[in-house]
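Q: I'm new to this structure and would like a close look at a single part of it. Could you take me through one helix contact, and then show me what lies around it?

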Amino acid sequence: MSTAPSQSSILPAPGSRGPDIAFKWVAAMAAAMVVVLIVLVGWQLYAGSRMSLAKFGPGFLWSTEWDPVQDKYGALPFIFGTLVSSLLALLIAVPLGVATALFLTELAPIKIRQPIVMAIEMLAAVPSVIFGLWGIFVLVPWLRDYLFVWLKRYFGFLPLFQGPIYGVSMLAAGIVVAIMILPIITSISREILRSVPNLQREAAYALGATRWEVLKIAVLSYARRGLFGAAVLGLGRALGETMAVTMVIGNRPQISASLFAPGYTLASVIANEFTEATSDLYLNSLFELGLVLLGVAIAVNVVAQIMLKSMTGSGPIKVN
Amino acid sequence: MLPLKTTRFALLAALAALSATAVSAQMLINGAGATFPFPIYSKWFNEYAKIDPSVRFNYQSIGSGGGQKQILAETVDFGASDGPMSDENLAKAPRKLLHIPTVAGADVLSYNLPGDPKLKFDGPTIAAVFLGTITKWNDPAITGQNPGVALPDMDIVVVHRSDGSGTSYIWTDYLSKVSPDWKAKVGKGTSVSWPTGLGGKGNEGVSGQIKQTPGAIGYIELAYANQNKLPFADIKNAAGNYIAPSIDSVTDAMATAVIPDDLRFSITNPPGEKSYPIASATWLLVYETQSDPAKGKKLVEFLKWAYQDGEAMAAALLYAPLPDSLRERALEKVKSIKY
């Protein structure tokens, strides 16, 4: 296999590097487009929010007030809601997704692997609004009448599970988003686990490891950087999820320790209020929320990159 | 000379006729704005296409905010808004912008209680519930107005719209009129800072939330509540009568409310004996001086038709038509449009 590149470099006649150069440029253009797109989005959001940037300054980020009647705006409850609901989703979806991927690559009989993979991929094709409706009519009543009551009874001493139960809540949003990001986390994790060389597993078995030990020392630790990457991709999707979240989170801009309390996210408030925003400052503030969302997404990715770097050094087996 | 001139004239005339037919066949009048009246406007445009096939209307229901913005920027030929424009926004108009009321709708107070009792509410009680000062269904303020109804010792869960909407504007406009407390703490708008409660997206989001939550209370647009057979309360009007929301009681509200000359009016809490107090008209926004004479002419013809024949189609789609007195005044406005 390693001979393939050298073969192809022999094939073209000397001097006819035209296709090579053209391809290089097309590929470079495509890559540049992505960067240009992000910059343009950022610029547009900045241009649309100049008025509120000038009026509120950095205080916009930590003000908790959102009052279109008084024309006073602040982003903190929305930032909080976005981060908490996304992290909750990640907390639920990563163990589930990685476990599913492990099962599919290591444990499941070959015959049933493909049907399960297909089912997971179908999950990715379900539109967001369907999850939202399912959330309102099926999940939320069940959470309100059973799971939340149970959590409150046995874990009510934690501030996380206190306060009145409405059903629609931060936790409901986290669960719905978790289901929505499960397919991407599972399929990426599966690809990563499949790329773990069999030598790893065989070596561990040769040392007398049990199946669980093989998974732990040979597979998971080898793949952990990749799995972390899968989680970051999932987080990216969770941050921007709008429709389904709006339908189950309760849409109240508040910061509460309780996961039973309703919340609000950046993406949701933009989707909700954009159409009827008539005053300039109001519209500017909604644009600024978009800018904040972009900032949050970038910050989360930067943090993830830093964590990824630190992982390389500390792992028992070095990858790359 | 003469023959040449006539041929030339004939040629020109033929060309003019040709281009005229081409233009009129393609004439497209663009509008954008409120979502609430979209069904009735679509109906009107469809019906009108049969009467005058030379003109086609294209209406984008992008929301009142967008409608106001686009007509101010003159990217559309008419705008549409569920609330009258603010003085601040109106001042941005390059020329005089007219408010043309078309139909009206109402908000109803819906709830989820065991046994679906028929309830009565007055304005101050609703304001107190939405301010979060009344939190139990068996509060004396509620039971006092509903003798004979056994109200449970249950928490009230307030549900409001999370998306900016004319429905919220009507609701908060009404509460601002009946409760000084509400006016001072919250005020009116398409979105407000709600003191309590959960937000649902759209009429369907709010009604879904109400259906799913025992003890919930919220406001929904009348047509939606009727279509979905949701329970709703009678509301005490300014004259002291409890009135059920209906097309007639909303039209009655428009007939008795005080309406200023620019037709930017609010009909919440009107004085009429039989008026339902939580209602509002919806408006088309049209420049008094049209920039395109051909389009202006067609638009005026259409509006005249809408008041003549279109209004009769409103009730079937659960919109309240304008009362005769207001229709005359609106028609005067339409006739004042110059093109």
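A: Let's go straight to where α9(A) and α10(A) touch in this predicted model. On the α9(A) side you'll find Gln200(A), Arg201(A), Ala203(A), Ala204(A) and Tyr205(A), and they meet Glu213(A), Val214(A), Ile217(A), Ala218(A), Val219(A) and Tyr222(A) of α10(A). Sort those residues by class and the contact has eight nonpolar, one polar and two charged residues.

Now for how the two helices lie. Helix α9 of chain A covers residues 198-206, while helix α10 of chain A covers residues 211-240. They pack at an angle of about 150 degrees, and their axes are 9 Å apart. An angle over 145 degrees counts as roughly antiparallel, and so α9(A) and α10(A) are roughly antiparallel to each other. As for handedness, α9(A) and α10(A) make a right-handed crossing.

Chain A has another helix pair to set beside this one. Helix α7 (residues 128-155) and helix α8 (residues 170-194), both of chain A, pack at about 135 degrees with their axes 10 Å apart. That angle makes α7(A) oblique to α8(A). The crossing of α7(A) with α8(A) is right-handed. In α7(A), the residues involved are Ser128(A), Phe131(A), Gly135(A), Leu139(A), Val140(A) and Leu143(A), and in α8(A) they are Ala172(A), Ile175(A), Val176(A), Ile179(A) and Met180(A). By class, that contact comes to nine nonpolar and two polar residues, with no charged ones.

Step back and look at chain A as a whole. Its secondary structure adds up to 13 helices and two strands. Of its 320 residues, 36% count as buried. The C-alpha atoms of chain A fill a box of roughly 70 × 60 × 35 Å along the principal axes. If you take the contacts in chain A with a separation of 6 or more, residues 24 or more positions apart account for 76% of them.

Chain A also touches chain B: 24 residues of chain A are in contact with 30 residues of chain B. On the chain B side, the elements giving two or more residues are α3 (64-72), β7 (198-200) and α9 (202-212) of chain B. Watch the labels here, since that α9 belongs to chain B, while the α9 we began with belongs to chain A. By class, the side of chain B that touches chain A has five nonpolar, 21 polar and four charged residues.

So much for the contact; here's chain B itself. It has 13 helices and 12 strands, and its C-alpha atoms fill a box of roughly 100 × 35 × 35 Å along the principal axes. Of the 339 residues in chain B, 50% are buried. Among contacts in chain B with a separation of 6 or more, 72% come from residues 24 or more positions apart.

A good strand to pick out in chain B is β4 (residues 97-111), which is mostly covered, with 14 of its 15 residues buried. Strand β4(B) is joined to β11(B), residues 279-287, by nine bridges, and the two run antiparallel. One place to spot that pairing is Ile100(B), whose bridge partner in β11(B) is Leu284(B). Five bridges link β4(B) with β8(B), residues 216-221, again antiparallel, and there Ser110(B) has Gly218(B) as its bridge partner. Two bridges connect β4(B) to β12(B), residues 320-321, also antiparallel; in that pairing, Val103(B) is partnered by Pro321(B).

For a parallel pairing, try strands β1 (residues 28-33) and β2 of chain B, which are joined by five bridges. Leu28(B) has Arg56(B) of β2(B) as its bridge partner. Strand β2(B), residues 56-60, has a covered face with Phe57(B) and Tyr59(B), and an uncovered face with Arg56(B), Asn58(B) and Gln60(B).

Last stop: chain B has an open sheet of three strands in the order β5-β9-β10, with mixed pairing. Its edge strands are β5 (120-121) and β10 (242-243), each pairing on one side only. Strand β9(B), residues 234-236, runs antiparallel to β10(B), and two bridges join them. Ile235(B) and Ile243(B) are bridge partners there.

How values were computed
Residues numbered from 1 in each chain as written. Chains lettered and ligands numbered in written order. Predicted model: local features only at pLDDT ≥ 70, side-chain atom pairs only at ≥ 80, totals over all residues. Axes fitted to C-alpha atoms, helices over the stretch in contact; angles between N-to-C directions. Helix = DSSP H or I, 4+ residues; strand = E, 2+ residues; numbered from the N terminus. Parallel < 35°, antiparallel > 145°, perpendicular 65-115°, else oblique. Left-handed = near helix turned anticlockwise from the far one by under 90°. Contact = placed C-beta atoms within 7 Å. Nonpolar A, V, L, I, M, F, W, Y, C, P; charged D, E, K, R; others polar. Buried ≥ 20, exposed ≤ 12 C-beta atoms within 10 Å, placed from the backbone. Pairing = 2+ DSSP bridges.
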